[in-house]
Amino acid sequence: MKTQLFVASTAFGLASLVAALDDGAFEPADRRLLVLSINASVPEAAIAIDEVAGVGALIQRFSAVHDYNAAVAPQHPSTWKPRTVDLPLLERYLTQRLELVGDLHLIVESVWTAPSLTLCRIFADARIDTYADGLMSYGPTRTAVPTLVAVRIERLLHLDLVPGLTPVLLSEHGVATRVISTEAFRRVVAGLGAPPSEIAHGRPSSVAVLLGQYLGALGILTCDEEEALYLAMVRGAVAAGFKTLVFKPHVGAPPVLAQPLSDAARALGADLAVVDDPAIVESWFGAPALGAVIGCFSTALMTAASCYQLRTARVGTEMVMERLKPFENSNRIPLTIVDARVADLGSPAEANLPPGLDLDALVQAVSYCMQPERYPGLRSSAEAVLAAHGPALRRYFRRRLLTKLDLPGRMPPPTPSLVTRRRPAPGRVSRRQVSRVLSRLRQAAASRWR
Amino acid sequence: MTTALVVYLLRVIRLSVIVPFHNVADYAAQTLRSLRRSAGPGIEFLLLDDASTDSTLAVLETEAQRLPGSRIVRLPANVGVSAARNAGIDEARGAHLTFLDGDDFVAAGYYPELAAVIERLGCDMVRTDHVQVRGHRRTVHRIGYGPRGVVGRPRDAILPVGRATSVDAPNAWAGVYSRRLVDNGLLYFPEHLRTCEDRLWNWRLHLRAESFAVVGLIGVFYRRGVTTSLTQITDERQLDFLAAFDEIVREASADRDCSLLLPKAIRSYCAMVLHHLGQLDRYQPAQAARLTRLCREGLARLPAEPLQQVVDGLDPERTARLRPLLVAV
């Protein structure tokens, strides 16, 4: 008896899983179970995945569906991290609750963190595949995966969001990658809900979709700055000739007030609708009315460009890159990719990357700087990239970090200290040492006045 | 199914949920979205905007459109949580009533279950456990009373003196109340108190309501650490705890079981005094001096003999902290 247990926390993730099934990524199984987990800050207030239009049909593909939030209530799926000693008890509890029989194969997203990691720890004998939930999987693994889990991970499945780019995620454990067919993904998404009327009834290529995120809620920007970012998207879209704009807030974002955005559009002679719909925005991308997709660093920008060949534009990546702390913040790789691959809304003609540099090398260099201990093998590539293109890539790196890692672009060594490090024995100062100190003092004084 | 049908045919409102909001724009949408999953036939939501000055009302207007059974009530001036809840009680049409704070949230299906519980038990009030939330961290808080799910007399749940009982769990939203308590006036909150109003309210319910039960239904998620730092006005409001406990002591003294219940009231009084004295450094120096003086005067008003017994029964550290305040004023 073989049971495959799929875990999803977003409609996008679920669509990717079903596309992978259609694509033949999984061997036959007696049962395919789906566990849904809502990981929003307040799951009780979030839209359930199965409330999203069209998701019901996707769920039909599984033998049974289970609610993880209900299983761990009142705990939050992201913070409930059971003690190791309790794991055997929990294995029995979940085996009963999910009615598991036979060999188990887990297919989880974000394996390094709860709730995926929790399930992998509880089911200590299960095979593990993991799948990417967006651009972050091109970057380094955020936190170390415990060995007892890591040794069981067989594959990382991912959409080809950036054709040709290889994920760094889990490469430290030699996990194989497998691309999920774009065609399969598009077919699955086409079966989800219809786009809103502005898009369904618009003239070909007449509508610009603006992608909301939740940078304010994450503390990356202030809420006012985030609103300013959206206003910049509105102005840029109108300047690019669009009269119909649709703003799609992120499903996980706190509610936005629509008024300032639609007021700004109206002042510029355009119409803006805020469609706060649990549908995944990708389900709109097949509509002929869609003319452009504009965002900051949403994964959907790359889906639009790579899977739907839509025109895309970015706003504000440089500012967000500057703000993002610490350097190893996992949003850095999505930011880097979008900044390097998508045209700036204000100056679309500008080339993003210097000639001769490919994105793979840049992503590896940034990944190395984010997690140098985890990826020592990427150092030589980081050195080469920085040596050849350093000045042109300044916004992707931090000078202080390059210095700390002793990489090209480091700050020059500080002027040698005025007093020699090895303190000579008292009364044994040679004439040469005295003259060296004097000459340094003279140099220092001279440079200060220069 | 049958209940749902009866409810539908008779348009009976089984439960009124009274939710006051005051300047909680950041949380109100989550509150209302969680209520959407707790809506049901015969459940009405009274959303009282207590004259918010931020965008709370706009959030309510947007979100209420998607919340079946909801009604927004705009209070003309900021009246405070007690008066807002009382206004909600006057607006409510339900056979049973409950409360929720505008920045908290509930589990899916909670209110239909809560209504079913009090309908089944048929008592004046049912108290529930709840979950406290700090960020993503959640802890279950239970009421120290048993047996559970069994109807008893609330006055029997006040004692013992030395441990936290049902009377020490004053959160109005952790419970559901029969309309009988509206009719006899017990459900209304004392509006003259700016803090601890729920303590007095809860004591009165325990002394005068006929019947109650405690159940382990954990559906309310109570956010901690949300309110901003204490302002001077809040300090001023905090002092009302003394007035609240003076009234509790008065009510307990007038009760037929006075000799049993008064020590409990006095002990809670002492615990509250110790709590506030423990936070003296949060107050302005003048306020702190005033607070200390008022505590001393408050303790002096208490009947001497039971007070002495209560103080002697505290742990040595707390006894030592209280003693200096007990010298004659």
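In this predicted model, Leu48(B) finds its bridge partner in E3(B), namely Val73(B). That pairing belongs to a wider match between strand E2 of chain B, residues 43-49, and strand E3 of chain B, residues 70-74. The two strands run in the parallel sense and are joined over five bridges. Helix H3 of chain B, spanning residues 56-64, completes the picture: together with E2(B) and E3(B), helix H3 forms a β-α-β unit that is right-handed. As a reminder for readers tracing the strands, side chains in a regular strand alternate between the two faces of the sheet.

The cysteines can be taken next. Across all chains, a search of the whole structure returns zero disulfides. Cys295(B) accordingly takes part in no disulfide, and the nearest cysteine sulfur, belonging to Cys270(B), is 10 Å away; a disulfide would require the two sulfur atoms to be within 2.5 Å. Cys295(B) is buried, with a relative accessibility of 0%. Cys123(B) is likewise buried, at a relative accessible area of 2%.

A loop residue rounds off the description. Thr195(B) sits in the loop that links helix H6 (180-183) and helix H7 (197-208) of chain B. Despite this loop position, Thr195(B) counts as buried because its relative accessibility is 16%, and the cut-off for buried is under 20%. Leaving aside residues up to four places away in sequence, Thr195(B) touches Arg237(B), Gln238(B), Asp240(B), Phe241(B) and Ala244(B).

Conventions: Residues numbered from 1 in each chain as written. Chains lettered and ligands numbered in written order. Predicted model: local features only at pLDDT ≥ 70, side-chain atom pairs only at ≥ 80, totals over all residues. Heavy atoms only, no water. Pairing = 2+ DSSP bridges. Helix = DSSP H or I, 4+ residues; strand = E, 2+ residues; numbered from the N terminus. Right-handed = clockwise from strand over helix to strand, strands pointing away. Buried < 20%, exposed > 50% of the residue type's maximum accessible area, 1.4 Å probe, protein only. Contact = heavy atoms within 4.5 Å.
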